[in-house]
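Colleague: I should be grateful for a close look at one part of this protein, set against the rest of the fold.

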Amino acid sequence: MSFNREYFTLFLFAFIICSCDENKHVKSYRLPKTNFNISKNEAPKDIRKNVNGISWNLPQTWVPSDGHSMRLASFDVPFSKGVGDLSIVSLGGESGGLTANVNRWRKQIDLDPITESEIKTTSIVGQSKNGSFRLFRLINDSKQDKAILAAVLPIEGTTLFIKLTASQQGISELENTFTQFCSSIGMPQK
């Protein structure tokens, strides 16, 4: 038993010595996760999901996550230098209106409120399986670490609020995928 203890002690001593640099500081390493278990030759496939009668094509790299109880669905959305948070919330009617919701998102990244006409002229209109939606790209140049892509989609007496929060770089990388995702949202036709 003492023979194994001596080797363990020698190993531990060697490990401690090798873990320090010339100045006796502990070294640590950080490696980015970039491939998310997808081979470079494999193109992401869309996965069809259905929650409460609302369906969408979910990109393969998006991972369902725990979200707030108000969320219809939550996803971790990976990009080259991190992971964004996507939420889908379904609320009755207009849920406070377009202006109040967009200005609430703007406040989350320290932007001043804007008027309804400014909101309509700065948004992009997209088309989903059940009608048009408004897409918002909210960026505060002084906050590189947090930006928002959001869409507002009215569906059969409710409004879906789809919001992706990530860094500015993440928003730039994910904007096309986010738009495609929003375009895939729909309810079965009656």
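Colleague: To begin with the whole, what does the accessible surface of the protein come to, and what share of it belongs to carbon and sulfur atoms? Then please concentrate on strand S8: which strands does S8 pair with, and how many of its residues are buried?

Modeller: The accessible surface of this predicted protein model comes to about 12,300 Å², and carbon and sulfur atoms account for 54% of that area (areas by the Shrake-Rupley method with a 1.4 Å probe; for residues, only the protein chains shown count as cover). The model is a prediction in which local features need pLDDT of at least 70 and side-chain atom pairs count only at pLDDT 80 or more, whereas totals for chains, interfaces and linings use all residues. Residues are numbered from 1 along each chain as its sequence is written, and side-chain values rest on heavy atoms, with hydrogens and water left out.

The protein contains 4 helices and 9 strands (DSSP runs numbered from the N terminus: H or I of at least four residues for helices, E of at least two for strands). In sequence order these elements follow the pattern α-β-β-β-β-β-α-α-β-β-β-β-α. Of the 190 residues, 35% are buried (under 20% relative accessible area; exposed is over 50%, and partly exposed lies in between; 1.4 Å probe, protein chains only). Among contacts with a separation of 6 or more, 48% join residues 24 or more positions apart (a contact means heavy atoms within 4.5 Å).

Strand S8 covers residues 147-155, and 8 of its 9 residues are buried, so the rest of the structure largely encloses it. S8 has two pairing partners to consider here. Strand S7, residues 131-138, pairs with S8 in the antiparallel sense over 5 bridges (strands pair if DSSP finds at least two bridges between them). Within that pairing, Arg137 has Leu149 of S8 as its bridge partner. Strand S9, residues 158-166, is also antiparallel to S8, and 9 bridges link the two. Here Val152 stands opposite Phe161 of S9. The hairpin of S8 and S9 has 2 residues between the strands, and in it Glu156 takes a positive phi near 40°.

The side chains of S8 can be placed through the nonpolar core. The largest such core holds 29 residues, and Leu86, Ile88 and Ile162 touch the most other members (a core is a set of buried Ala, Val, Leu, Ile, Met, Phe, Trp, Tyr and Cys residues joined through side-chain atoms within 4.5 Å). At least two residues of this core come from each of S2 (54-59), S4 (73-79), S5 (82-92), S7, S8, S9 and helix H4 (168-183). Ile162 shows how S8 is joined to these surroundings: beyond four places in sequence, its contacts include Leu149, Ala150, Ala151 and Leu153, together with Leu86, Ser87 and Ile88. Phe178, Phe181, Cys182 and Ile185 are also among the residues that Ile162 touches. Another core, of 12 residues, lies apart from the largest one and includes Ile109, Ile114, Phe136 and Leu138.

S8 also takes part in covering helix H2, residues 98-108. The buried residues of H2 are Leu98, Asn101, Val102, Asn103, Trp105 and Arg106. Their cover includes helix H3 (116-122) as well as S7, S8 and S9. Just after H2, Asp110 takes a positive phi of about 60°.

Finally, the beginning of S8 meets the end of S9. Thr165 is found in S9 and counts as buried, because its relative accessibility is 18%. Apart from residues up to four places away in sequence, Thr165 touches Lys146, Ala147 and Ile148, as well as Gly84 and Asp85. Ser167 lies in the loop between S9 and H4; its relative accessible area is 17%, so Ser167 is buried. Ser167 and Ala147 are 20 residues apart along the chain, yet their C-alpha atoms are separated by 5.4 Å. With neighbours within four places left aside, Ser167 is in contact with Phe79, Gln144, Asp145, Lys146 and Ala147.

In short, S8 is a largely enclosed strand, paired in the antiparallel sense with S7 and with S9.
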